[in-house]
Amino acid sequence: MKVRFAPSPTGALHIGGARTALFNWLLARHNGGTLVLRIEDTDRERSTSENVEQILDALRWLELDWDEGPVFQGERADRHHEALTALLQSGHAYRSSATAADVAAYKRLHGAERGFRGEPEQEGAVRLHVPAGGTTVVHDAIRGDTSFEHVHLDDPVIARADGSVLYNFAVAIDDLDAGITHVVRGEDHLSNTPKQLLVLQAAKAAGFGADAPEPTYAHLPLLHGPDGKKLSKRHGAASVQELREAGYLPEAVRNYLALLGWGAGDDATVMSTQELVKRFELERVSRNPARFDETKLRWLDGIHIRELSVSELAGRLLEFLRVADPAAASAAEADRQLLAGAVAISQEKIQTLADFWPLARFFFTGVADDEAARERWLGERGVAVLGDARTELSSAASFDIEAVEAALASVVERHAAKPREVYQPVRVAIAGTTISPGIFESVALLGREETLRRIDTALAG
RNA sequence: GCCGCCAUCGUCUAGGGGACUAGGACGCCGCCCUCUCACGGCGGUAACACGGGUUCGAAUCCCGUUGGCGGUACCA
């Protein structure tokens, strides 16, 4: 089995493209096949090397590795030209100067459902000669058979007047030459498939790759935004890069993307990549388009975060912060032990890597400035309680979580207070805000000295 | 316009003629846990687009309608 992922470098790798890459990767890995990465850069206007780099980067981040390539379509121009010449000479293709307007005129004359047929000329773009009658059937592993009657198909332009080839031609020749056995791509290519099949057959008839297998096709349902429209920036993260910047884990993204259009068949939702590889089957891919819903990704990301070891998570966090917030990264890195402690007590409270710093920064950079929190919890009673808490904490025999809890609990008891009437003032004193990891854990991690200092500062304010 | 694909809870989906008073997950709501925020546990809300067939029987098969999407470029 040989499959390929063939993005065109006209922009960043979008989520839909990432899903296509993932499905190809899963299929190859599940079957012990080969994955070829091909860059379809026949659009010279919009293809850039920056985009190529970005796509490779996104694939690496997703940890989707490939076995061959990247092959650049542009570098295969000679081979394409060779094939084109063969089609021209064998009469499977012809030159025509017909324009889009000519095609429209033809249809007005013969009916809209009638495919355009041009007259061979000496010059002009190259069109493939589509048979007058008959049908091309696409055998799709996901959708079954789809028939396209030739009479409805226009003779497609396969090369520009200058001889440079177009997508539908290059794809067919490249798949043929590479010996691709399974073409797995978005459903937007389904209507292109008969053209590619026709190119394939013509090429074979002209002596090109006569013994190469005709690939099996599989068209994945398209991905849409939450509103059912095309996925775009205004839906939040639309590219892999944005997912990364939002703090998602690549394994969570793989897990979520795999669920968009595919399911194991039982009720499995949370799956490791290893499990995805083991269970993935093309035949189980759905035919309905799916919407990309970030809420579920967030939930899944939280699940995967909780499956990481503390040191692994700390490493990921640092890696994330170095890009997202270098100052935070160096602050966190300065005290590895504090970092490990903060990560351990934050792990079950965060859903993405981006959630960590806002929750735990007070350990590293001091209390936050939240006036509303002070007003609410450090009033007369709050201060009185806080003073008592200070006394208890300073005289506690030890300063581990249990000791801190015992010390603060005694304050609760003495004041006949609700727990929160003691814990919230302490929280605001050490964190500056009303939201933090568990109060006993936080105080213990901060240590006696720093805790007392922060309480004193709060008391003085 | 023409050609094609698709149609189950708000979302992702299970379902391939009787096992369906339609299952799971996210979300949402309620309860429990509880020091905040989360996590976790329990319970609840919510769907077969519509109309015709076929059949003893249809979410499942066929046709039509409607809707969504894609293609229709000397883009990919």
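The following paragraphs describe a predicted model of protein chain A with RNA strand B, moving from the overall form of the chain to the RNA surface and then to individual helices.

Chain A contains 20 helices and 12 strands. A compact globule of 461 residues would have a radius of gyration near 23 Å, whereas chain A has 31 Å. The extents of the C-alpha trace can be read alongside that value: along the principal axes of chain A, the trace spans about 100 × 40 × 35 Å. Of the 461 residues, 48% count as buried. Sequence-distant pairings are well represented in the contacts of chain A, since among those between residues at least 6 apart in sequence, 76% join residues at least 24 apart.

We turn next to the RNA. There are 62 residues around RNA strand B, and D43, R143, K349, Y423 and R427 come nearest. By residue class, this surface divides into 21 nonpolar, 19 polar and 22 charged residues. On the RNA side, 71% of the atoms of strand B within 4 Å of the protein belong to sugar or phosphate, and the rest belong to bases. Individual atom pairs add some detail to this picture. R143 places an N or O atom of its side chain 2.5 Å from a sugar or linking oxygen of RNA strand B, and a polar side-chain atom of S8 lies 2.9 Å from a sugar or linking oxygen of the strand. With G261 it is a polar backbone atom that takes part, 2.6 Å from a phosphate oxygen of RNA strand B. The elements that give two or more residues to the surface near the RNA are β7 (144–149), α5 (167–178), β12 (290–291), α10 (294–306), α18 and α19. Of these, α10 gives the most, with five residues.

Two of the contributing helices, α18 and α5, merit a fuller description. Helix α18 covers residues 419–431; at 1.5 Å a residue, its 13 residues should span 18 Å, and the end C-alpha atoms are indeed 18 Å apart. Because 10 of the 13 residues are buried, α18 is largely enclosed by the rest of the structure. The buried residues are V422, Y423, Q424, P425, V426, R427, V428, A429, I430 and A431; Y423 and R427 are also among the residues that come nearest to RNA strand B. The cover over the buried part of α18 includes α14 (356–365), α15 (371–377), α16 (380–395), α17 (401–414), α19 (439–446) and α20 (448–460). After α18 comes G432, with a positive phi near 90 degrees.

Helix α5 can be described in a similar way. For its 12 residues, 1.5 Å a residue gives an expected span of 16 Å, in agreement with the 16 Å between its end C-alpha atoms. Nine of the 12 residues are buried, so α5 is largely enclosed by the rest of the structure. Those buried residues are N168, F169, A170, V171, A172, I173, D174, D175 and L176. Both strands and helices contribute to their cover, which includes β1 (2–5), β2 (34–39), α3 (77–89), β8 (157–159), β9 (182–186) and α6 (193–205). Helix α5 is followed by G179, whose phi is positive, near 70 degrees.

One further residue, E275, lies in helix α9 (residues 273–279). E275 is partly exposed, with a relative accessible area of 29%. E275 and V310 are separated by 35 residues in sequence and by 23 Å in space, C-alpha to C-alpha.

How values were computed. Residues are numbered from 1 along each chain as its sequence is written. Chains are lettered from A and ligands numbered from 1 in the order in which they are written. This is a predicted model: local features need pLDDT of at least 70, side-chain atom pairs count only at pLDDT 80 or more; totals for chains, interfaces and linings use all residues. Side-chain values use heavy atoms; hydrogens and water are left out. Helices (H or I, at least four residues) and strands (E, at least two) are DSSP runs, numbered from the N terminus. The expected span of a helix is 1.5 Å times one less than its number of residues. Buried means under 20% relative accessible area, exposed over 50%, partly exposed in between (1.4 Å probe, protein chains only). Contact means heavy atoms within 4.5 Å. A residue is near a molecule or strand if one of its heavy atoms lies within 4 Å of it. A polar contact is a pair of N or O atoms within 3.5 Å; within protein, one must be able to donate a hydrogen and the other to accept it, and residues adjacent in sequence count only if both atoms are side-chain atoms. Ala, Val, Leu, Ile, Met, Phe, Trp, Tyr, Cys and Pro count as nonpolar, Asp, Glu, Lys and Arg as charged, and the others, Gly among them, as polar. The radius of gyration is taken over C-alpha atoms; the globule rule is 2.2 Å times the number of residues to the power 0.38.
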